[in-house]
Every structure is written in C-alpha cells, then in structure tokens.
Amino acid sequence: MSKVAIVTDSVASIPEKILQELDIHWVAYYIHRGKEILRDLVTIQRGEFLEWLTTARTLPITASPGPGDYVELYEKLAHDEDVNEIVSIHITSKGSGAYQAASIAKDMITEKLPELKIEVIDTLTASLCQGWMAIEAARSALAGMNLENIVAKVKGMMPRSHMIMTADTLRYLYMGGRIGMAANMMGSLLNIKPLIGIEDGVIVPLGKARSRLRAYQMMVDMVEGAVGPKGKIKVAYVHAGALQEVEKIKQLVEERLTVVESFFAELSPALAVHTGPGTAGLCYYKIDE
C-alpha cells in the first residue's frame, strides 16, 4: 500500500498536539524583522512575538518558503520515511507565494525522484481553514485512503470552509498590504470592530460592529445563515493572544449550532503580523448529512 504524507505550511497554525498525533509535516515561513531572519514557529514563538508586536513601529516582512525548503522536506519524506506519495496543502496563492514555490519544488524533485508522486493544492483560504484541510487529509491518509481520494476530499472541503475574524484594528492588515477589498473599511474605525473573511482567495469585508460582543454575535449569525439552525459544523476558534475572547465565541456558537468537533488555535507569528494582537474568530466547515 502506498504511504501518503501530508505537508502544509506553518501559517496553517495547527496546534502542535494535532500535528504530532496526525503526523502532519510542515514548512516554516520566514519573518524578516530588521536584520533578523526568523523562522515561523521554529526560531520565534507565538507569545514572545505578540509581546514584541505590540511595541513595533514598523511591521516585519513575511516571506513564503522557497522551492528549496519544500524540496528538502519532500526528499526527507521519501528517503527517511519511505513515503512515495505526498499531498501538499497551501495558503491562498492570491496572498502568498507558497503554492507557487511548492509547485516548482514538485517539478524539481520529480526529475530526481520520478517514483515520488506529489499533488500540490492551492486552498484559496488561510489559517485554520487551510488547517482543517490538512487535518482531514492526514486522518484519511492514516486510515489508508489513496492519494486521489485524499485530494478529492480536500477539494470538496474548499467551498464549505469559511473564516470569520475580527480585530481591534485593521492597522496590521493595512500596513502589511494584505487588506485587499477590506481597505474600504479603514477610515475612522477606532470604535468599530470590523469582520473580515476570505472569498475566492482574497480578504474581504463581512461587516462591522460597535463592540466585540456584537461582532461575535454577528459571526454566529453568519455561520447559522450558511449552515442552518443547529447545523453541523467542525470549527476551530482562532486567535492571536486572545484566548478569553474566543472562549466567548465558543459559547455563542455552541448555543445555536451542532458542533461535531472543535479546538482552540493560536495564529502563527507569520499570520499574526498581518492581523495583530487581539484578533479573534473562527474557521469552520459544514458537515454534510
């Protein structure tokens, strides 16, 4: 039986326990902070980075892994773990170069190792929406599902996976150039909590609220509108240094929806650069009957 390995990026922000349990492999993003070159979740961790970020006058620059980073991991899996098939799952290509880099790496390594089969997937999403796809792919791989069916499963999740986030400010998205269509929400938002999501791979505005609690209520309204009252979902409560806030979101969600599985997850530093400390939200997908 072919052994299928699942590869993703550090920005999927999957909790370490789940990465280890499901044998999910990942490649670290780069963070350029002045003259320092940091590796996401390798040489810089969440807590220390968020503490520094609150004092930053200019944002670090993030960069996706290069083709060589993916080649290194693909080769390691083939040589050290006897893997002959890989599903490589990446953040939206409209906001990062990871998908392109992994695609180049695929071409490079298949010349050296033609027996190694690699499928590279552009999820057109981010954060734990990307993370859920890697998680479900890894579960399927461990259950013995073949590569073609795993790829089909991931692609089937794409239209059902949604992110809704709110932050104290859009400053970090704006400064990092990742704000996309949500730029029209900048203005004077000192007392407004913007809600953002991703559609067709691009950050978009979903609404705005006068308070965090109202923003959370609007999130649940949106989820319920998408899946129906008591609709079945799997959900990750996602934050950047705001665990107490996502605990509030969890309570609201579970009052109105049927949660099949959930967990808390904190954004990796390479994503927190763009959202800023205090970000809270969810990434979910509908469970079909």
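The second largest cavity in this predicted model encloses about 40 Å³ of space. It is one of 2 cavities of 30 Å³ or more. Its lining is formed by Asp9, Ser10, Ser13, Ile14, Leu19, Trp26, Leu41 and Arg46. By class, 4 of these residues are nonpolar, 2 are polar and 2 are charged.

Two of the lining residues recur elsewhere in the analysis. Ser13, which lines this cavity, sits in the loop between strand S1 (4-9) and helix H1 (16-22). Its phi is positive, at about 60°, although Ser13 is not a glycine. The relative accessible area of Ser13 is 1%. Ser13 is therefore classed as buried, the limit being under 20%. Ile14 also lines the cavity. In addition, Ile14 belongs to the largest nonpolar core, where it is among the residues that touch the most other members.

A positive phi is also found at Leu124, again in a residue other than glycine. The value is near 55°. Leu124 lies in the loop between S7 and H5. Its relative accessible area is 27%. Leu124 is therefore partly exposed, since this value falls between the limits of 20% and 50%.

The largest nonpolar core contains 74 residues. Ile6, Ile14, Tyr74, Ile86, Val87 and Ile89 touch the most other members. Helix H5 (residues 127-142) supplies the largest share of this core, with 9 residues. A second, separate core holds 21 residues, including Leu195, Met218, Val235 and Ala280.

The surroundings of Ile86 were examined in detail, with residues up to four places away in sequence left out. Ile86 touches Ala5, Val7, Tyr74, Leu77 and Leu147, among others. Its contacts also include the run Leu116, Lys117, Ile118 and Glu119. One of these partners, Leu116, is located in the loop between helix H4 (98-112) and strand S7 (117-122). Leu116 has a relative accessible area of 3%. It is buried because this value is under 20%. Beyond four places in sequence, Leu116 touches Tyr74, Ala78, Val83, Asn84, Glu85, Ile86, Ile109 and Thr110. Tyr74 thus appears in the contact lists of Ile86 and of Leu116. Leu116 and Glu75 are 41 residues apart along the chain. Their C-alpha atoms are separated by 9.2 Å.

The second largest pocket has a volume of about 290 Å³. It is lined by 19 residues, of which Ser161, His162, Met163, Ile198 and Glu199 are the closest to its centre. Strand S8 (161-166), strand S9 (193-199) and helix H8 (212-227) each contribute at least two residues to the lining. S8 gives the most, with 4 residues. The lining comprises 11 nonpolar, 6 polar and 2 charged residues.

Lys193 is placed in strand S9, one of the elements that supply the pocket lining. Despite its charged class, Lys193 counts as buried, at 16% relative accessibility. Its contacts, apart from neighbours within four places in sequence, include Thr166, Ala167 and Asp168. Gly207, Lys208, Ala209, Ser211, Arg212 and Ala215 are also in contact with Lys193.

Arg212 provides a link to Glu245, which touches Arg212, Tyr216 and Ala280 when residues up to four places away in sequence are not counted. Ala280 is in turn a member of the second core. Glu245 lies in helix H9 (residues 243-256). Its relative accessible area is 16%, and Glu245 is therefore buried under the 20% limit. Glu245 and Asp69 are 176 residues apart in sequence. In space they are 35 Å apart, C-alpha to C-alpha.

One side-chain polar contact was also examined. Thr62 is located in strand S5 (residues 61-63). At 14% relative accessibility, Thr62 counts as buried. Its side chain makes a polar contact with the side chain of His274, at 3.0 Å.

Technical notes. Residues numbered from 1 in each chain as written. Predicted model: local features only at pLDDT ≥ 70, side-chain atom pairs only at ≥ 80, totals over all residues. Heavy atoms only, no water. Core = buried A, V, L, I, M, F, W, Y, C linked by side-chain atoms within 4.5 Å. Buried < 20%, exposed > 50% of the residue type's maximum accessible area, 1.4 Å probe, protein only. Contact = heavy atoms within 4.5 Å. 1 Å grid on protein atoms, 1.4 Å probe; cavity = no way out; pocket = protein on both sides within 12 Å on 5 of 7 lines; lining within 4 Å. Points joined across faces, edges and corners; volume = space filled by probe spheres on them. Polar contact = N/O pair within 3.5 Å; in protein donor to acceptor, adjacent residues only side chain to side chain.
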